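Q: Please take a close look at one part of this model, a contact between two helices, and then place that part in its wider setting.

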Amino acid sequence: MESEHYQLDPERLKNEVQAIWEQNADFWDEAMGEGNQFQRVLIQPAVERLLALQPGEVVLDVACGNGLFARRMAQLGAFVVACDFSQTLLDRARERSSEYAARIEYELIDATSREQLLSLGKQRFDAVYCGMAIQDMPEITPLFSAAAELIKPRGRFIFSIPHPAFNNSYIRKCIEEEDRQGEMIVQRSIRITGYILPRTDRGIGIIGQPVSQYYFHRPISLIYNTAFKNGFILDGIEEPVFRPEDEGSRPFSWANYQGIPPVLVSRLRRSQ
């Protein structure tokens, strides 16, 4: 990713982000399908453990994309309201979800609008989930503020994000070869050139997508402090990594960087 400094007003930036996702929607739907390697190996197992879903619970899936995890939650017995701000992605999600039509309701909602989120119903949900989308949002305070009111007392808010310390626009993936006592050893590492300062970049989420997308890097402290200011406590966290048996399709695929977590999954609860 190449860093740029965008001097855009918030409304214009939000509209541009939405337009980019509309352009990429069909490609992302086809590429993700019912889950890529990241989703299957890292995200879904960790989220399911922290979500601890019970049959009959009502869950809000924020920034649901093509609905792949909404379908998984419906399969596990939940009733799901799934929202996204891309109409095309919602259309693809509905097409893929006919089997679960009685359990999934899809809504066109902007997750950076507190008012739109709250229109879904205060204290309606046992849990709110936002999967790999917070890094795509120009603002996150509206989501955390609304989530605190959307969930029932002691309800939970689970989110997954690219790990802010190891998978951000400051990092570079490295491959080195070493002659160690006559044996050639290949080592992979992450070079980190920054972290603490928020940063806006454009980059590629999936190789081949039509246009680059915005990424909004925030350090962990900023994200968690936003949660704490809105009445949440943190009571669960996972940093999933790829396993030795996982293989990447390219030399620089994350699956080849085992032991370094590219994803952070957190569970928040209302403090009262």
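A: In this predicted model, Trp21, Glu22, Ala25, Asp26, Asp29 and Glu30 of H1 meet Gln87, Thr88, Leu89, Arg92 and Arg96 of H4, where contact means heavy atoms within 4.5 Å. Residues are numbered from 1 along each chain as its sequence is written, and side-chain values use heavy atoms, with hydrogens and water left out. Local features need pLDDT of at least 70 and side-chain atom pairs count only at pLDDT 80 or more, while totals for chains, interfaces and linings use all residues.

Helix H1 spans residues 10-32 and helix H4 residues 87-96 (helices are DSSP runs of H or I with at least four residues, strands runs of E with at least two, numbered from the N terminus). The two helices pack at an angle of about 25 degrees, and their axes are 8 Å apart (axes are lines fitted to C-alpha atoms, for helices over the stretch in contact; angles run from 0 to 180 degrees between N-to-C directions). H1 is therefore roughly parallel to H4, a term for angles under 35 degrees. By class, three nonpolar, two polar and six charged residues make up the contact of H1 with H4 (Ala, Val, Leu, Ile, Met, Phe, Trp, Tyr, Cys and Pro count as nonpolar; Asp, Glu, Lys and Arg as charged; the others, Gly among them, as polar).

The wider setting includes an open sheet of seven strands with mixed pairing, ordered S4-S3-S2-S5-S6-S12-S11 (two strands pair if DSSP finds at least two bridges between them). Strands S4 (104-108) and S11 (232-238) stand at the edges with a single partner strand each, so one side of each has no neighbour in the sheet. From one strand to the next, the twist averages 20 degrees.

Within this sheet, S2 (residues 58-62) and S3 (residues 79-84) pair in the parallel sense over five bridges, with Leu60 opposite Val81 in S3. Helix H3 (residues 68-75) packs on the sheet and touches S2, S3, S4 and S5, its direction making about 155 degrees with that of S4.

S5 and S6 are also parallel, paired over six bridges; Cys130 has Phe159 in S6 as its bridge partner. With S6, by contrast, S12 pairs in the antiparallel sense over seven bridges, and Pro162 is bridged to Val263 in S12. Nine of the 12 residues of S6 are buried, leaving this strand mostly covered (buried means under 20% relative accessible area, with a 1.4 Å probe and protein chains only). Helix H2 (residues 37-51) lies across S5 (125-131), S6 (151-162), S11 and S12 (263-270), and runs at about 20 degrees to S12.

Terms used
Buried < 20%, exposed > 50% of the residue type's maximum accessible area, 1.4 Å probe, protein only. Parallel < 35°, antiparallel > 145°, perpendicular 65-115°, else oblique.
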